[in-house]
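Work through the exercises below with the model open. Try each task before you read its solution.

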There are 2 protein chains.
Amino acid sequence: MAKELKELTSREVNYSQWYQDLVIKADLAENSAVRGCMVIKPYGYAIWEKMQRVLDDMFKETGHVNAYFPLLIPKSFLSREAEHVEGFAKECAVVTHYRLKNSEDGSEVVVDPAAKLEEELIIRPTSETIIWNTYRNWIQSYRDLPILCNQWANVMRWEMRTRLFLRTAEFLWQEGHTAHATREEAEEETRKMQGVYATFAEEYMAMPVVKGVKTASERFAGALDTYTIEAMMQDGKALQAGTSHFLGQNFGKAFDVTFIDKNGKTDYAWASSWGVSTRLIGALIMSHSDNNGLVLPPKLAPIQVVIIPIYRNAEQLAQISEKVAGIVANLKGMGISVKFDDADNKKPGWKFAEYELKGVPVRLAMGGRDLENGTIEVMRRDTLTKETIPVEGIEKYVKNLLDDIQQNIFQKALDLRTERTISVDTYDEFKEKIEEGLFVMAHWDGTPETEELIKNETKATIRCIPLEGDKIPGVCMVTGKPSAQRVLFARAY
Amino acid sequence: MAKELKELTSREVNYSQWYQDLVIKADLAENSAVRGCMVIKPYGYAIWEKMQRVLDDMFKETGHVNAYFPLLIPKSFLSREAEHVEGFAKECAVVTHYRLKNSEDGSEVVVDPAAKLEEELIIRPTSETIIWNTYRNWIQSYRDLPILCNQWANVMRWEMRTRLFLRTAEFLWQEGHTAHATREEAEEETRKMQGVYATFAEEYMAMPVVKGVKTASERFAGALDTYTIEAMMQDGKALQAGTSHFLGQNFGKAFDVTFIDKNGKTDYAWASSWGVSTRLIGALIMSHSDNNGLVLPPKLAPIQVVIIPIYRNAEQLAQISEKVAGIVANLKGMGISVKFDDADNKKPGWKFAEYELKGVPVRLAMGGRDLENGTIEVMRRDTLTKETIPVEGIEKYVKNLLDDIQQNIFQKALDLRTERTISVDTYDEFKEKIEEGLFVMAHWDGTPETEELIKNETKATIRCIPLEGDKIPGVCMVTGKPSAQRVLFARAY
């Protein structure tokens, strides 16, 4: 048991190192030979598949369909929307050639200068441009609207400082791109998808989020409004977990996407776009995990229950296996994913540590004494508490326990956030609380200048203007000018 | 009804044009602004999602897990395996820069020459190299083997002549990459996955396939053996629908992936790789569809049953809708996907044509007379036959009908292949039958020279050396030299 624990830096010593150790030790992901690009290992990918399945069902329930658009975007498309190009042209992978050839001495392959593209192609950093260029041909009349497409895809942004899951050059995500006949409908869609993300974060990831709107300077490049969900990580830092953008008619105009409305008038289509990415796996880790390893919410855990036999000899293992077979069948019948680990080349203690590291929510162990007494040992990963209970009715017990763990880790994260969120009225107190790693609610005068000053002096950004909660006016803590409501400040990932 | 039919070129007039018209008219896919890259539209993507779900379950049942590896591959990786680089360096997208900047006059963005990569990166045409470079760190001992990973991903090959689904620069696929301790195990895996593909093709796509092995000149670049499944399209041409490669120790050696075996000896790991792609959608279309549009096998149809009301007024529609609601609920309860199309801006005749075009396997229609008589009209898409039957028990009837359609279209495709497959003994007869568009079984002397000569003279290639069926030796139809068994020749997509 001691082996992994020793190798995992503790959260208290170095949170950032703990995170990185954990991603590696728990076999979630690793860096690849290509700078900034990660390999998502099977266990990490299994979590992503669980997330995908839930989100995809939620998208379909809200009327969306999946489609697929090209990986490459002509360079000139980026320039069509003035703000968009500012935001995305800076850091992108550029394809300039389409062929390699043998070098003259035959020792390697080199770029064939004869195969230079007339116009360079960009690996999509996001797909608004290529999709709106496509929508132009799909939309003629209001009868063609709304278009409610999503795609699951890889995207690439040439980040200089990368961290597994949290910020990588290539990442996996979904991006929804919708077109509407009216401003109201597009805005409603934008808010609806923020709601879907918030539900997913809270009910599946067990991660409480603040729903809000970004300030102008934190908006998506090309959006009129960016709706966000912001979560608090265990170290008090904020993590932007999902965004939904109201794009107005910016892309409709940039790509000349017009339609005839009900009154026979021509107008530009209205747009939204929204996405979440493999970054959510990083958020999941930093919301719940501990010094023993991952703590996964049961609803997203690839393995929900592990059963480990503790035996002296083959005969005893056979007896335990027989008993366990029934439990496994019953749990599977209840839709619970369960693994019986009877591998004989690893000791029980090693297995205990391994599944703690991997964050399996419930561990059952059965030994010789349990056989005699008709009992089984149950360990819950969130609290690491153990108890021995009758094997009769264990399935129902496990089912309830999984629900309880899901609820408990959400409550724990919520309590932490409540404890570490504070309202302040002076800039001095603000600086102190930001330094302590809190979420700080404070009045701000609404100007980008003040926002910038605060950011430069404290490294805190306005995470969002919250949509819910107190909306009492006040005065800006820095300039004393009027403020409509407190906004959420924090240092962020 | 006439509108679409008129616009769809008939198969007899121009098969190739029929295919292209159908892909467009049925809203499956379209060409994008990026040469050779397609947009997969929602209806086409829904078919791909159905395929993915079935295949993914089959992979998992056979012990595989999903993972994700980088999109970009360092140029030098390609050169490590001599044959592999020959096969893939010729046609690939090359990333040379990682930033754009504003042009001096500010009118556009241009490549920033300061942001040139030290080593160019290639968009993966296939992932053996980057994956085996990763496996080096995953594999130390025989205990780490086998590794059975699959990834769902996009890949890119710079094809000069592209056709929607069949051959595109970017396409979606899955690629399995496995590592084993012994040659036997790797070969067994290779054959097992060929079997999985054959089962998928025949039982889900309703597309009969010939299982075989490729000749040396048709092998995957870097493989010791390529196992294939070959299907006959309606025009008699062959389509390679899936391949599974035994890679020997080629990639183990190229990327120095060694392990300590059970006897303490160091050896290179053995490899397989296998893939199917969105090309299967093209194969599906060309296996079953007709001049009225798509014919989809029920097991892969996004909508299995459509119900259309035929009414004179709102009152009648309400009566029909009430009756239909029960049918819809029952069908859904049986796991059948069903759509009730009561849109009032389209006439029944238009809807009939539309769903025929989209290949919905079963169409139900209910009108005023049906209400009186307690009947419903049933049309099956594969034969276009209609009958009016009692509405009582319709759910059971539909369920059986879907099974029957699945079986019937498979049988029809199998009959066509049987009818259009012939054995010949002379090269003259061979040329004649190839010209007629048949699958031709003939003796070949086993040399690449003869294979090349036949290809140049007839455009026919050896699709495979079949694994099943008659293995009677003979003499090559061209050279008269000995031949171990007949091989399958055809012109191919």
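Two exercises follow, on the interface and on the cavity.

This is a predicted model, where local features need pLDDT of at least 70 and side-chain atom pairs count only at pLDDT 80 or more, while totals for chains, interfaces and linings use all residues. Residues are numbered from 1 along each chain as its sequence is written, chains are lettered from A in the order in which they are written, and side-chain values use heavy atoms, without hydrogens and water.

**Exercise 1. Describe the interface of chain B and chain A.**

Step 1. Count residues in contact (heavy atoms within 4.5 Å). Chain B gives 66 residues and chain A gives 66 residues.

Step 2. Find the buried area, the accessible area (1.4 Å probe) that two parts lose on being put together, summed over both. The two chains bury about 5200 Å², with 64% of it on carbon and sulfur atoms. On chain B, Tyr68, Tyr98 and Leu100 supply 13% of the area buried against chain A, more than any other three residues.

Step 3. Look for salt bridges (a side-chain nitrogen of Lys or Arg within 4 Å of a carboxyl oxygen of Asp or Glu). The interface has 2 salt bridges. One side-chain salt bridge joins A:Lys60 to B:Glu49, at 2.8 Å from N to O.

**Exercise 2. Find which residues line the largest cavity.**

Step 1. A cavity is a set of points on a 1 Å grid over the protein atoms alone, where a 1.4 Å probe fits but cannot get out; lining residues have an atom within 4 Å of a point. The whole structure has 1 cavity of 30 Å³ or more.

Step 2. List the lining: A:Tyr68, B:Met38, B:Ile40, B:Glu170, B:Phe171 and B:Leu172.

Methods. 1 Å grid on protein atoms, 1.4 Å probe; cavity = no way out; pocket = protein on both sides within 12 Å on 5 of 7 lines; lining within 4 Å. Points joined across faces, edges and corners; volume = space filled by probe spheres on them.
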